[in-house]
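User: I'm new to this structure and would like a close look at one part. Could you walk me through the place where the two chains meet?

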Amino acid sequence: MSDEHARAAPPPRKLKLATVSLAGCFGCHTSFLDIDERLLPLLERIEFDRSPLTDIKHCGPCDIGLVEGGVCNAENVEVLREFRAHCRVLVALGACAVNGGLPAQRNNIALGELLQEVYRTGHGLAAGSRIPDDPELPLLLNQVHPVHEVVRIDYFLPGCPPSADAIWDFLNALIEGRAPTLGPGLLQYD
Amino acid sequence: MNDSFLLDGETIPFSPGQTVMQAAAAAGKYIPHLCWHPDFAPHGSCRLCIVRIGGRYATACTVGAARGQVVENRSEAIDAERRTLLQLLFVEGNHFCPSCEKSGDCVLQATAYEMGMLTPHFDHFYPDRPLDASHPEVLLEFNRCILCELCVRASRDVDRKNVFALAGRGLRSHLIVNSESGRLADTDFAATDRAAAVCPVGAILKKRVGFAMPIGKRTYDPRPIGKSHEPGTREDE
């Protein structure tokens, strides 16, 4: 290819990446930001769609969706389904998305009992505390579920959180069209 | 000692009476396992050590080594079967690694890393299994029990106390404590018992020593379990 042609060739299309935290703690997003200055070369190859980093409210057509957190309420279900509908490749990012994680530790306590104890009968409550019932609050599910129990997931990246290096390697593989694998020391459940 | 078999194409010597697992371990070769321990009689229940011998599946911990055997161990197909067994174990209990003191020292977790398990795949049971904190020195966390019976064997065969047993059948199988109340505090169990140190997961834990070892220095942080059988290392304790 001549120099002229090389100059004329359009740069590769940037991939669209959406991220969200459902029943998570944003620890996985924080770990994602821990790729530090590598974020700059990453931004040469991807652009963010819906994400806490852009504040875009709804996910458009995307190449990659990263889902942090499990599914604990009706809004989580709706957002997760929106991600599945719009993302070519959907990734469960971190322990809670993969197996429910910390929020799922409530799963063998009946939801009614749980709310009673947290808001009515537990320690340290203000007088007159009651179970929040604002209609804008999404309804809780009986149990917290990993995302793969609700929609089809293409890849899983475990860890609490997955390390920045694991996320970096993983995204690079996806961007370059390789099947992501976690190298030595990058597969951790804790 | 001239007897030998082939394990993934490598010649492994064995002495009469040894199992495939014992001969492989003696040669520093890793065959994945959970319920097998070199100091105890084989149990053959976890099925992780399944191998193919002459095209047939067998558990390496129970099948005798024989001259000329051709044993297939770490093939992608067999590791995939092992991954499925691990996934079943993970969804049947409550294995929440980030809050577990055994994390980094856990044979179940280390084996899942070795098999490349990225997801539990199946729907979780999230069983309700109350723990037993009655004993002053040892905690029983039934949520993590994988029914390997190593504590049963250690308490019966080494400690001579018969503190533990499995009760129930199939999905209802569970670990029980041999006292009228069912509580560990009401047995003669002691923290110095072999059964207190043999649990491969975080089901039997000594109190007040959790998280003493920082992340990075735990058993399987520097060396994955697949390398832990190589000469000069010990698998547990």
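**Where the chains meet**

Analyst: Let's start with one pair of residues. A:Asp190 forms a salt bridge with B:Arg218, and their closest N and O atoms sit 2.8 Å apart. Keep in mind that this is a predicted model, and that the distance is computed from it. The count of salt bridges between chain B and chain A is 1. On chain B, helix H3 (residues 107–114) gives the largest share of the side that touches chain A, with 3 residues. Sorted by type, the residues on that side of chain B come out as 12 nonpolar, 8 polar and 3 charged.

Now for polar contacts: across the interface of chain B and chain A there are 9 residue pairs of this kind, counting pairs with both residues at pLDDT 80 or more.

Next, the extent of the meeting place. In terms of contacts, 23 residues of chain B touch 23 residues of chain A. People often describe the size of an interface by the accessible area lost when the parts come together. Here, the area buried between chain B and chain A is about 1,800 Å², and carbon and sulfur atoms give 58% of that area. Which three residues of chain B supply more of the area it buries against chain A than any other three? They are B:Phe96, B:Leu118 and B:Tyr126, which supply 38% of the area that chain B buries against chain A.

So much for the tour: if you want one spot to find on screen, look for A:Asp190 and B:Arg218, the salt-bridge pair.

Note on methods. Residues are numbered from 1 along each chain as its sequence is written. Chains are lettered from A and ligands numbered from 1 in the order in which they are written. This is a predicted model: local features need pLDDT of at least 70, side-chain atom pairs count only at pLDDT 80 or more; totals for chains, interfaces and linings use all residues. Side-chain values use heavy atoms; hydrogens and water are left out. Contact means heavy atoms within 4.5 Å. Buried area is the accessible area (1.4 Å probe) that two parts lose on being put together, summed over both. A salt bridge is a side-chain nitrogen of Lys or Arg within 4 Å of a carboxyl oxygen of Asp or Glu. A polar contact is a pair of N or O atoms within 3.5 Å; within protein, one must be able to donate a hydrogen and the other to accept it, and residues adjacent in sequence count only if both atoms are side-chain atoms. Helices (H or I, at least four residues) and strands (E, at least two) are DSSP runs, numbered from the N terminus. Ala, Val, Leu, Ile, Met, Phe, Trp, Tyr, Cys and Pro count as nonpolar, Asp, Glu, Lys and Arg as charged, and the others, Gly among them, as polar.
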